[in-house]
Amino acid sequence: MKITPKIIKSILCVIVLTGISVSAAYSQSQNKYIISGIVKDAKTGETLIGASIVIKELPGTGVTTNTFGFYSMKLPEGTYTVSTQYIGYESKVEKVVLNRDVKLDFNLHEKANELQEITITNSRKNENITSVQMGAQNLNVKEINNIPVIFGEKDVLKTLQLLPGIQPVGEGNSGFYVRGGASDQNLILLDGATVFNASHLLGFFSVFNSDAIKDVTIYKGDAPAQYGGRISSVVDIRMNDGNDEKTIVSGGIGLIDSRLNVEGPIVKDRGSFIVSVRRTYADLFLKLSHDSITKNSRLYFYDLNAKANYRINDNNRIFLSGYLGKDVLGISSFGLNWGNVAGTFRWNHLFSQQLFSNTSLIFSNYKDEIALDRNNSLNIVSKIQNFSLQQDFQYYINPGNTLKFGYNSTYYEIIPGALTSGDSTFNLTNKYCWENAVYVSNELTLSHKLKTEYGLRFTSFSIIGPGAYYTYDSQGNTMDTTDYAAGKFIKTYFNLQPRVEFTYLLSGTSSVKASYDRNIQNLHLISNSTTSNPTSLWLPSSNNVKPEIADQVSLGYYRNFKRNKYEFSAEIYYKKIQNQIDYRNGAQLNFNENVESQLLYGIGRAYGIELYAKKNVGKFTGWLSYTLSRAEQRFALINDGHYYPSTQDRTHDISIVGIYKVSPKWTLSATWVYYTGNAVTFPSGKYSLDGTVVNYYTERNGYRMPPYHRLDLSATWIRKKTATRESSWTFSIYNAYDRANAYTITFQPDPNNPQRTEAIQTTLFKIVPSITYNFKL
């Protein structure tokens, strides 16, 4: 079916009019007024995302705060008891006489009960049952603080890997796969800005300093309509706003890095700031070496998070946030530097007590530079950057009926490679792209048991000149070359992305959910490795490369036990992918003007079941997740056109997390993970050619790496804790039982018998102990 403006307009009108018609039926002739406001932490002034506001006199009537802590409800005239709840905080109740619009803010206090500090649950005690959202997981920063990871560094992305359907790329790596998708099919946002490479030190650290993070939510394909651009998942990370009551200094000192966090008021109760810095110091220890090469080597990273906000008046608030991070790796005459820069300006505005607006101006840049000699006279630079304007609206029609709509416009500049040698420069063709999107969605309560959220996202993606663009035959040979002038539209793709979700309450403690969604991806990562490495190439859709399209259906069952002390969920999914990308045998991907000639296009599929059980409260908390899944793809020129396992195909994936509060001063935690080894291509034999032994390969990804499993342990001792000061020590052991997991397997002739081939396994980490001192002033 051809997409026309008339069709798009008709669909958008249906969604909007459905919400308005339900509102009209709900309103009838009653006098109605609005209760709205902000929910905040009374001690720090931080807004609370996902706090629930309920009306005692109207059972089943309530809302949750949005990502800026705002809520709004339209109710009939009357007297109401309004209660707000947020896990880990004391509930607060207010009596309201509603005969006019009322602004009602809540300042909540954390519970004094120490056990609440290790509670791991959603913001609402039964949100997993009642929410219409499927495939979503939310992490609280307190969860991250108690989970052991390599080198003792708290890590958002490594904690996500312990959830069902989310798998680590490899040993100690912050890259991850979601429901059989590749690592580049995950959209990672920091305060709305795209992070193109989320790894430090070749993947062993993520770029996110947990001290600066307030909230982390991942959507495993079933993302709301305001998100788009990737076909596997969206990771939405929100930074702290900063303490608007008093100045706080905190930080930590570890074996290989240290961090410092400063936050405080700009104007008390109106504005605040936060600045977080982190740096490794492995390079300082290298200086102690007696070896000249080691002594002059460079190996470190640093990052800086900063944010400020100011409330102009009750209807206007502005935010400015930024991130700067860089890695430096240098050995002898070789050097490799890479880093991200991102910035977001946001303006919250209330047009009325029902209509909330957020306007964002966003900049993001990722750049890597390879120095091939010590004097930097031979360099290769690549870069991707974008500028975005995003407008989001939320219209609170009535409780159980919320309309979201908006648009996004993003301009991309991609420099795939610029080689500088002395005074000479050779550039691959730069790419210029313009992506636009409009969306609308409606979250609607159809009855006391049935809820739905349905929406539509319409996108256009245009390749713009100047530049030379090529066409290729089926063998990758160049057939034609066309030069385009600056500003000339070369190719534009239009796509509709519908999505719909349903929740049906079986009882007050159980529900079933179903969803369908379509996602489009126009930026593709071209890399010889399984995850994003510093020199991976981002390639946009073009006259040759079509947008990747994923259609996913999901079905789930959810159940809570013993007043939400325990919860369980089971989700099954099936995902079909069009225009999947793989590489020709022997593909040359680095610094290749005709890199598109090295690509093959096919289809993919991923399906599985995810089981999740967790204990939310008490001295002992934790969760168990298990994923049984397959991820396969098919290309006409690979494996004779048959389906074969994707690199990220893993049949079994298990994670067990346990946290035990021994006393107010001691907390113990442990994680155990197991997963099937990645699918890999190993030689099936060998032959001699002109006296040289050549490996013989048969099918793609026809072998498996050995299974991976590991136990991590951690203990935190709170040395001192008062109303104004806190200090603690964290001790951890990574890979506690010294498992020799395979990082790589290579093949070489047996030195004792050249007719035989031996496999050489490389293990990256055995037991890794660490210790970290944390403080707060």
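**Aromatic contacts in the predicted model**

One aromatic cluster brings together Phe68, Phe70, Phe319, Phe356 and Tyr396. The structure is a predicted model, so to speak a filtered one: local features need pLDDT of at least 70 and side-chain atom pairs count only at pLDDT 80 or more, while totals for chains, interfaces and linings use all residues. Numbering runs from 1 along each chain as its sequence is written, and side-chain values use heavy atoms, with hydrogens and water left out.

Rings of Phe, Tyr and Trp (its six-membered ring) pair if their centres lie within 6.5 Å; planes under 30 degrees apart are stacked, over 60 edge-to-face, and the rest tilted. That rule gives 28 aromatic pairs. One of them is Phe635 with Tyr644, a tilted pair at 6.4 Å centre to centre with 40° between the planes. Phe635 is buried at 1% relative accessibility (buried is under 20% relative accessible area, exposed over 50%, partly exposed in between, with a 1.4 Å probe and protein chains only). Tyr644 is buried too, at 2%.

Phe682 and Phe747 meet edge-to-face, 5.1 Å centre to centre and 70° between the planes. This pair links distant parts of the chain, 65 residues apart: Phe682 sits in the loop between strand S43 (679-680) and strand S44 (685-689), and Phe747 in strand S49 (residues 744-750). Strands here are DSSP runs (E, at least two residues), numbered from the N terminus. Phe682 is buried at 12%, whereas Phe747 is partly exposed at 30%.

Charges turn up over rings as well (NZ of Lys or CZ of Arg within 6 Å of the ring centre and within 35 degrees of the ring normal). Lys513 lies over the face of Tyr558, 4.4 Å from the ring centre; Arg605 does likewise over Tyr643, at 3.7 Å.

Key: Helices (H or I, at least four residues) and strands (E, at least two) are DSSP runs, numbered from the N terminus.
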